[in-house]
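Q: I would like a close look at the core of this model, and at how it relates to the chains around it. Please define your terms as you go.

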Amino acid sequence: MIKKGIPLSLKIRPLITTIIIIIIVIWFITPLILITLSAFAAPKDYYQIDKVIPTHFTLNQFKSLFFGLQAWKAIVNSLKVAGLTMWLSFLIGLPAGYALSRYIFPGKNFLKLFILATRMFPLMVLAIPLLIIFMRIGVSDTVWGTSLAHTAMVLPMIILISSSIISSVSVEYEEAAMIFGLSRTQAFFRVTLPLALPGLAASAIFAFIISWNEVFVSTILTLTNRTLPAHILKTAMASPDYFKFTAGFIMALPAMIFIFFVRKHLVTMWGIALK
Amino acid sequence: MIAFDSREKKWIPYLLFLPPLIYLIGFVGYPLIKVLQITFTSVEGKFSLENFIILTRDSTFWKAFKNTLYFLIAIVPLQVILAFLLALFINSRFKGYMTVLYVISIPLALSDVSAALMSYNIFTSHGFLNKFLMKMGFIEYPIYFFGLGLSSRAFWVIVLTELWRATPLVFIILLASLQVISKDYFEAAEVFGFNGWQKFFHITLPLTMPSLQSALLIRTLFAFQIFGVVWLLSGRDIPILAGEVYYQQAELSNFRMAATYGFIIALISIIISWFYIILLRSKHLEV
């Protein structure tokens, strides 16, 4: 028997796909929308029990958080720590990533394994001894101390990610440049680096976000120079609810903006970083 | 790269590796030795197992250990299954799948702190869930999820939050492995008349198995580090291992106990990673 028209399964399929898409999007987006609403909602709307969606909005929470509750200082600290971590991990990690990608040498696998092995130990384990060491060398409770610890956490990932990004730039360009008389260093800076730049920028942002989000070590290592997550962890649960939502929103905002810019590299980067 | 290797000095790659090597030895290797040293030293500064004896006699330690395991059991399997389904769905490459991929990956960039606050925003007594349910007339009084004696409710809120926050992490690993499966396999299967289920069980599943295993083990490793969400949503009402490291150090300034808890987490991490390496190695031998 010959069927006429489109089979039923082909008609239902797009419908099911659409329904699943809607469920996924609602599940992942709702908490973000709700925290945004709450971050700007006037406290009287929040405490009005029959008002589900707030209608009065204010910037008062932001003002008091920034100036009254010293979140401003914490935000600046967080930016400094994350920025320093980003630069440090690149400065130290990029040459090794390059070596991993472009050279074949005895002991390469061992070095790779060593780097991977350091990732086995969570910062929770390292936090206490790091505090003791930092107190001795005088960087405890400073922006530097926190970013030194964060760099230790981010560095292995940056080495592996940057090596894979450099590998994606064909070695032939580099060889061609060297045939034309450039040294290997020149070839790297003038040929490979510009080509690898978008990917490297994405991984720099990745390092930034990981440091920006890290809460455990930041809280252990600092007392006065706290980063934002550490500040929230220490003070949030004692403050009124509406401050918590504003703080949560401020923490989430840069992450949401950044991930938009790195969305092309998402699968590659996190795929490597989580291996 | 072979063409010009000969005229270059052999030590260059080692030189390039030297800075991170020194850094990691200084900031990971040395602290680890320090943890060992602190853990196995008594208050008088002699080698002893005193810290472990104190730890194992402390009922909080066992509670923390148990709770961490409970979280692991409640979160990880469900998370891996959900992530796998999501990855399969996205990999079917429907129209606009990139946008959905972007939406799913937003939680990747969020910290556990903001995820916890988002969830608090929904589940607290004046939160959206309670207000909504009351408005619709399903309940008369708000349901309390947080607070003293409510830790079993808080437990499930934490599980839900972790599912929301960290499923994308597993999803990304699995998607990366699904994307590299060659279409040739499926075309060949088509020729042999395989149906959808057969394709899944004979091609997709075996080829993603290594990633599935690695995702499972990584999540297990991370589960022992769970901290931010639990600490913000329940404080010490639900003691967990990482939370005790924090509590001992930040609240009691007892760095010995804090290091001992840290040592336990490290020990568990090593065992899990060792298990992981054994599994991977057996894979290599099979091939």
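A: In chain A, the mean confidence is lowest, at 65, in helix α13 (residues 266-273) of chain A, and highest, at 92, in helix α4 (residues 71-102) of chain A; confidence here is pLDDT, the predictor's value for each residue from 0 to 100, and helices are DSSP runs of H or I with at least four residues, strands being E runs of at least two, numbered from the N terminus. This is a predicted model, in which local features need pLDDT of at least 70 and side-chain atom pairs count only at pLDDT 80 or more, while totals for chains, interfaces and linings use all residues. Residues are numbered from 1 along each chain as its sequence is written, and chains are lettered from A and ligands numbered from 1 in the order in which they are written. Over chain A as a whole, the mean pLDDT is 85, with 93% of the residues at 70 or more.

The largest nonpolar core holds 153 residues, and those that touch the most other members are A127(A), F216(A), L233(B) and A242(B). Such a core is a set of buried Ala, Val, Leu, Ile, Met, Phe, Trp, Tyr and Cys residues joined through C-beta atoms within 7 Å, where buried means 20 or more other C-beta atoms within 10 Å, exposed means 12 or fewer, and partly exposed lies in between, with C-beta atoms placed from the backbone. Within chain A, domain 1 (1-58) and domain 2 (61-273) both contribute residues, so this core lies between them; the domain bounds come from an automatic or database assignment.

A242(B) shows the core from a single residue: beyond its neighbours within four places in sequence, A242(B) is in contact with M124(A) and F216(A) from chain A, and with Q225(B), I226(B), F227(B) and I265(B) from chain B. Contact means that the C-beta atoms of two residues, placed from the backbone, lie within 7 Å.

Where chains A and B meet, each gives 75 residues to the contact. On the side of chain B that touches chain A, helix α1 (residues 12-39) of chain B supplies the largest share, 14 residues. That side of chain B comprises 55 nonpolar, 16 polar and 4 charged residues, with Ala, Val, Leu, Ile, Met, Phe, Trp, Tyr, Cys and Pro counted as nonpolar, Asp, Glu, Lys and Arg as charged, and the others, Gly among them, as polar.

Around this core, chain A has 13 helices and 0 strands. Its radius of gyration is 24 Å, well over the 19 Å that the globule rule gives for 275 residues, so chain A is more spread out than a compact globule; the radius is taken over C-alpha atoms, and the rule is 2.2 Å times the number of residues to the power 0.38. Of the 275 residues of chain A, 46% are buried. Chain B has 12 helices and 0 strands, and its radius of gyration is 24 Å, against near 19 Å for a compact globule of 287 residues. In chain B, 39% of the 287 residues are buried.

Away from the buried positions, R93(B) lies in the loop between α3 (59-91) and α4 (97-105) of chain B, where its phi is near 55°, positive although the residue is not glycine, and R93(B) is exposed, with 10 other C-beta atoms within 10 Å. S253(B), in the loop between α11 (241-251) and α12 (255-286) of chain B, has a positive phi of about 50° without being a glycine, and S253(B) is exposed, with 8 C-beta neighbours inside 10 Å.
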